[in-house]
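Ready for a few exercises with a structure at your side? Keep the viewer open, try each task yourself, and then compare your route with the worked solution.

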Amino acid sequence: MHCVNRCRTRAVLAVVLPLLVVGVSHVSEAQQQERWSWQGGLTVGKTVEVKGVLSSIRAVPSDGDQIEVIAKKHSRRGETSVVQMRVLEHAGGVTICALYPTPAHIAPNVCVAGDEGHGGGRMGNFETDVRVDFLVRMPKHLTFAARTLVGDVEARQLVGDVTASTGVGNIAVATLGTVSARSVNGSIRASMGASRLRQDLKLSTMGGDITLDLPASLNADFALDAGGSIEAKVSMTGFPNSVSHQLRGRLGSGGRIIMVSASGNIFLRQSPPPGRGP
């Protein structure tokens with residue numbers, strides 16, 4: 001019954017994973033490590049964006065108005081220097097990329113803002129085993145975007161809007177703002193505190209479950225599509241709570257649409273906006 005979701009996952013991973021070939025021969029016992037950091041400031045409403053390939057990305061609150069990004073490179077082959085860090089300042093904020101070297105017959109990776117290019121280029125490690133893990137300290141007045149190909153994304157106790165995406169990995173986000181999230185193969189847990197949406201939101205995974213906590217004060221419509229079951233513990237107008245593979249509903253007076261799609265199960269819950277968890 002659910003072959004469409006499973007087959008789609010296999011098809012996507014068949015495209016992604018060949019670019020992530022990591023050799024295992026002649027691996028040294030000692031792992032080389034290298035630390036890189038950047039600090040800066042942005043005006044209210046701008047976005048801090050971090051892009052990786054083999055990367056976990058974690059964001060936590062900052063004590064002040066300064067952004068701090070710490071990247072730790074790891075390599076068992078002693079190749080940390082081949083991955084270059086780039087900082088791109090632009091009208092929308094700042095984008096920080098981990099750029100991997102490319103073969104001579106392929107155009108070099110470049111750091112670009114936004115989802116296009118996903119980190120700036122063909123996005124593969126091209127047989128380099130370097131992993132770059134990020135820690136981001138986020139001021140309250142900014143939004144956050146994290147994009148990686150293989151790795152988990154975690155953002156806790158934030159205030160601004162969050163956008164997160166990974167090819168292979170789990171996503172866990174808790175913010176007083178809004179959440180948009182996408183994983184090809186992984187689960188998503190999200191808690192958002194915004195009671196008013198400025199745009200439609202989408203959370204999707206082709207290889208896991210989605211748990212979404214919403215504030216009781218939210219006015220929005222929602223559309224849930226699951227390969228497994230749906231459990232909606234929310235107060236809906238004109239729609240009873242139910243368990244099914246598809247569910248459409250309205251919270252409060254309705255408004256923007258929250259679209260949730262998962263190959264597994266979907267859990268939709270309402271709670272006061274805590275700004276922490278899930």
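The exercises below go from the sheets to single residues and then to a pocket, all in a predicted model.

**Exercise 1. Trace the open sheet that contains β16, and find which strands stand at its edges.**

*Solution.* Start with the strand order. The sheet is open, has 10 strands and reads β5-β6-β2-β8-β10-β12-β14-β19-β16-β18, with mixed pairing. Next, look at the two ends of that order. β5 (84-90) and β18 (246-251) each have a single partner strand, so one side of each lacks a neighbour in the sheet. Finally, follow the twist, which averages 10° from one strand to the next.

**Exercise 2. Work out in which sense β16 pairs with β18, and in which sense with β19.**

*Solution.* Take β18 first. β16, residues 220-226, pairs with β18 in the antiparallel sense, over six bridges. Two residue pairs let you check the register: leucine 224 has leucine 247 of β18 as its bridge partner, and phenylalanine 222 has glycine 249 of β18. Now turn to β19. Here the pairing with β16 is parallel, over six bridges. To see it in the viewer, find aspartate 221, which stands opposite isoleucine 257 in β19.

One more step concerns the surroundings of β16. Six of its seven residues are buried, so β16 is largely enclosed by the rest of the structure.

**Exercise 3. Place glycine 254: where does it lie, is it buried or exposed, and which residues does it contact beyond its sequence neighbours?**

*Solution.* Begin with the location. Glycine 254 is in the loop that links β18 and β19 (257-262). Then apply the cut-off: buried means under 20% relative accessible area. Glycine 254 has a relative accessible area of 14%, so it is buried. For the contacts, set aside neighbours within four places in sequence; glycine 254 then touches Asn219, Ala220 and Asp221. The last of these can be checked with a distance. Glycine 254 and aspartate 221 are 33 residues apart in sequence, yet their C-alpha atoms are 5.0 Å apart in space.

**Exercise 4. Trace the open sheet that contains β20, and identify the partners of β20 within it.**

*Solution.* Write down the order: β1-β4-β7-β3-β9-β11-β13-β15-β20-β17, an open sheet of 10 strands with mixed pairing. The edges are β1 (32-40) and β17; each has a single partner strand, so one side of each is left without a neighbour in the sheet. From one strand to the next, the twist averages 10°.

Now zoom in on β20, residues 266-270. With β15 (residues 210-214) it runs parallel, joined by five bridges. In that pairing, aspartate 213 has arginine 269 of β20 as its bridge partner. With β17 (residues 230-233) the sense is parallel, over four bridges. There, alanine 232 is matched by leucine 268 of β20.

**Exercise 5. Find how β9 pairs with β11, and then examine the backbone and exposure of glutamine 157.**

*Solution.* First the pairing: β9 (residues 153-158) and β11 (residues 171-175) run parallel and are joined by four bridges. Alanine 155 is a handy landmark, as it stands opposite valine 173 in β11. Then move along to glutamine 157, found in strand β9. Its phi is positive, about 55°, although the residue is not a glycine. Finally, glutamine 157 has a relative accessible area of 37%, so it is classed as partly exposed.

**Exercise 6. Describe the largest pocket: its volume, the residues nearest its centre, and the strands that line it.**

*Solution.* Take the volume first, which is about 290 Å³. Then inspect the lining of 22 residues, of which Thr47, Thr143, Phe144, Ala145 and Thr163 lie nearest the centre. Next, assign the lining to strands. β2 (47-51), β6 (93-99), β8 (143-150), β10 (162-168) and β12 (179-185) each supply at least two residues. The largest share, four residues, comes from β8. Sorted by class, the lining has eight nonpolar, 10 polar and four charged residues.

**Exercise 7. Decide whether threonine 166 is buried or exposed, and list its contacts beyond its sequence neighbours.**

*Solution.* Locate threonine 166 in strand β10. Its relative accessibility is 4%, so threonine 166 counts as buried. Beyond neighbours within four places in sequence, threonine 166 contacts Thr148, Leu149, Val150, Gly151, Ile171, Arg182, Ser183 and Val184.

Definitions and conventions. Residues numbered from 1 in each chain as written. Predicted model: local features only at pLDDT ≥ 70, side-chain atom pairs only at ≥ 80, totals over all residues. Heavy atoms only, no water. Pairing = 2+ DSSP bridges. Axes fitted to C-alpha atoms, helices over the stretch in contact; angles between N-to-C directions. Buried < 20%, exposed > 50% of the residue type's maximum accessible area, 1.4 Å probe, protein only. Contact = heavy atoms within 4.5 Å. 1 Å grid on protein atoms, 1.4 Å probe; cavity = no way out; pocket = protein on both sides within 12 Å on 5 of 7 lines; lining within 4 Å. Points joined across faces, edges and corners; volume = space filled by probe spheres on them. Nonpolar A, V, L, I, M, F, W, Y, C, P; charged D, E, K, R; others polar.
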